[in-house]
Amino acid sequence: MDRGTRFKNDEFAGMTQPENRDDSVPISEIREGHVEVDGVRLKLSHPYHSPGQWIGQQEVLMQLLACWITVDENDLPLTPRLTGPPGVGKTQLAIAAAEAQKRPLFIYQCTADTRPEDLLITPVLSQGGQISYHASPLVTAMLVGGVCILDEGNRMNEKSWASLAPLLDGRRYIESIVAGITIPAASEFRSAVTMNQDESTFEIPDYIMSRLQPTLPVGFPSKQDEMAILQYHLPFAKAEMLAMTVEFLQHSHELKLDFSPRDGINLLRFAIKRMIQDPAHPVNSDEAWQEALEKCLGEDAIDLESLAQRRRRTLGGDAVPLGLADLFFDLNDPMHPDREDLDEEDDQEDDDF
Ligand SMILES: Nc1ncnc2c1ncn2[C@@H]1O[C@H](COP(=O)(O)OP(=O)(O)O)[C@@H](O)[C@H]1O
Ligand SMILES: [Mg+2]
């Protein structure tokens with residue numbers, strides 16, 4: 001984020017703060033994007049504005065919204081984990097939920113080198129040689145009673161997560177060592193964490209995981225929804241190209257491969273750009289689509305069946321390898337040395353019934 005830009009008060013102007021906001025900073029107290037907490041002047045982060053329509057899978061949206069309900073003044077909202085493969089729509093879902101609630105939205109992109117102060121308050125040397133304190137998107141959301149999405153939370157290390165432990169349980173505050181202040185979250189503050197299911201991530205300790213509940217898995221969209229998603233993002237794409245892409249994505253979901261709506265959107269964008277690039281030598285849609293498939297998703301994507309087969313093998317497939325022979329023979333191979341035993345076991349089982 002560009003920390004140098006001057007914050008405009010009217011950035012918050014269009015937002016409705018919830019009625020019950022005794023403890024959140026009233027918008028009128030935000031002066032040029034700054035508020036004062038315990039004598040420390042904090043520069044607030046920018047809210048995120050973007051149309052966040054969520055298409056299909058209404059159940060998971062309702063589950064997320066339910067987490068943010070409080071049924072009694074002693075009740076607390078929950079901070080759920082939105083999990084699923086990259087590009088499936090986790091961030092979009094959280095954006096849509098914040099929009100449905102008309103709460104200002106702040107997104108914090110977690111990375112492997114996120115430090116606790118990045119998550120909370122960062123000291124910045126200003127022009128006059130003075131230190132100014134910048135509130136992170138998370139702390140800004142806590143102050144104004146907004147929603148914070150901790151995006152790709154499992155990229156973040158334990159030390160940074162530890163600084164959020166008091167926020168994520170009944171205490172609902174953070175302590176900034178750098179600014180020397182404790183900040184309680186406004187009662188309207190809500191949060192959610194998205195997590196990708198891929199390998200390049202940290203193991204989040206259990207005491208943090210137990211505070212990030214419930215887990216809401218986001219699955220791949222149905223055929224109809226996937227078409228609506230692509231159409232929504234690429235209203236200028238031709239019907240036949242949309243259809244080819246949906247067909248491809250649905251086939252890949254059936255084969256349990258991880259090609260996502262995001263992959264479909266990127267591939268279509270590239271194909272369309274290639275098609276209009278040179279009006280003198282128009283590339284036909286099939287050609288452009290095939291090229292985009294290879295360039296965006298890799299050569300492997302051309303033959304989904306064999307990719308799925310290879311993937312199953314590297315993951316061990318449905319059957320856990322039983323011994324050395326499994327490395328050389330398929331389990332169903334008649335040459336497999338253990339095959340007879342398996343058959344016998346089956347026969348025995350049959351006898352028992
Ligand atoms: N259900 C949906 N409705 C609208 N857009 C979606 C939906 N699912 C995925 N998308 C779009 O697909 C792309 C990837 O979604 P994103 O939320 O960034 O995925 P993730 O956070 O799971 O990696 C975005 O452009 C997003 O808008
Ligand atoms: Mg995301």
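## Strands, core and ligand shell

Reader: In which sense do strand β3 (residues 81-84) and β10 pair?
Author: Two strands (DSSP E runs of at least two residues, numbered from the N terminus) pair if DSSP finds at least two bridges between them. Leucine 82 has threonine 194 in β10 as its bridge partner. β3 and β10 share four bridges, and the sense is parallel.

Reader: What kind of model is this?
Author: Residues are numbered from 1 along each chain as its sequence is written, while chains are lettered from A and ligands numbered from 1 in the order in which they are written. Local features need pLDDT of at least 70, side-chain atom pairs count only at pLDDT 80 or more, and totals for chains, interfaces and linings use all residues; the model is predicted.

Reader: Which residue is the bridge partner of arginine 81 in β11?
Author: β3 also pairs with strand β11 (residues 215-217). The sense is parallel, over three bridges. Arginine 81 is bridged there to threonine 215.

Reader: How many helices does the protein chain have?
Author: Helices are DSSP runs too (H or I, at least four residues). Beside eleven strands, the protein chain has helices numbering 14.

Reader: What percentage of the protein chain is buried?
Author: Buried means 20 or more other C-beta atoms, placed from the backbone, within 10 Å of a residue's own; exposed means 12 or fewer, and partly exposed is in between. The protein chain has 353 residues. The buried share is 32%.

Reader: Which element gives the largest share of the largest nonpolar core?
Author: A nonpolar core joins buried Ala, Val, Leu, Ile, Met, Phe, Trp, Tyr and Cys residues through C-beta atoms within 7 Å. The largest one has 50 residues, and Val139 and Met142 have the most contacts inside it. Elements giving two or more residues include α1 (58-67), α2 (90-100), α4 (137-144) and β10 (190-196). The largest share is six residues, from α4.

Reader: How many residues are in the second, separate core?
Author: Among its members are Ile55, Val246, Phe259 and Leu293. Its residue count is 17.

Reader: Which residues does methionine 142 touch?
Author: Contact means C-beta atoms within 7 Å. Residues up to four places away in sequence are not counted. Methionine 142 then touches Ile183, Ala185, Ala186 and Phe189.

Reader: Is leucine 61 buried, exposed or partly exposed?
Author: Leucine 61 is found in helix α1. Beyond four places in sequence, leucine 61 is in contact with Trp54, Leu93, Ala96 and Ala97. Its C-alpha atom is separated by 8.2 Å from that of alanine 94, 33 residues apart along the chain. Because leucine 61 has 18 C-beta neighbours inside 10 Å, it counts as partly exposed.

Reader: Where does ligand 1 lie?
Author: Its shell has 21 residues, and Ile55, Gly89, Lys90, Thr91 and Gln92 come nearest; a shell residue has its C-beta atom within 6 Å of the molecule. α2, α8 (223-233) and α10 (261-277) each supply at least two shell residues. Both domains, with bounds from an automatic or database assignment, give residues to the shell, so ligand 1 lies between domain 1 (9-217) and domain 2 (223-313).

Reader: What is omega for the peptide bond from glutamine 213 to proline 214?
Author: Most peptide bonds are trans. Proline 214 is found in the loop between α7 (206-209) and β11. The bond from glutamine 213 to proline 214 is cis, with omega near -5 degrees.

Reader: What is the phi of glutamine 57?
Author: Glutamine 57 is found in the loop between β2 (40-43) and α1. Glutamine 57 is not a glycine, yet its phi is positive, about 35 degrees.

Note on methods: Contact = placed C-beta atoms within 7 Å.
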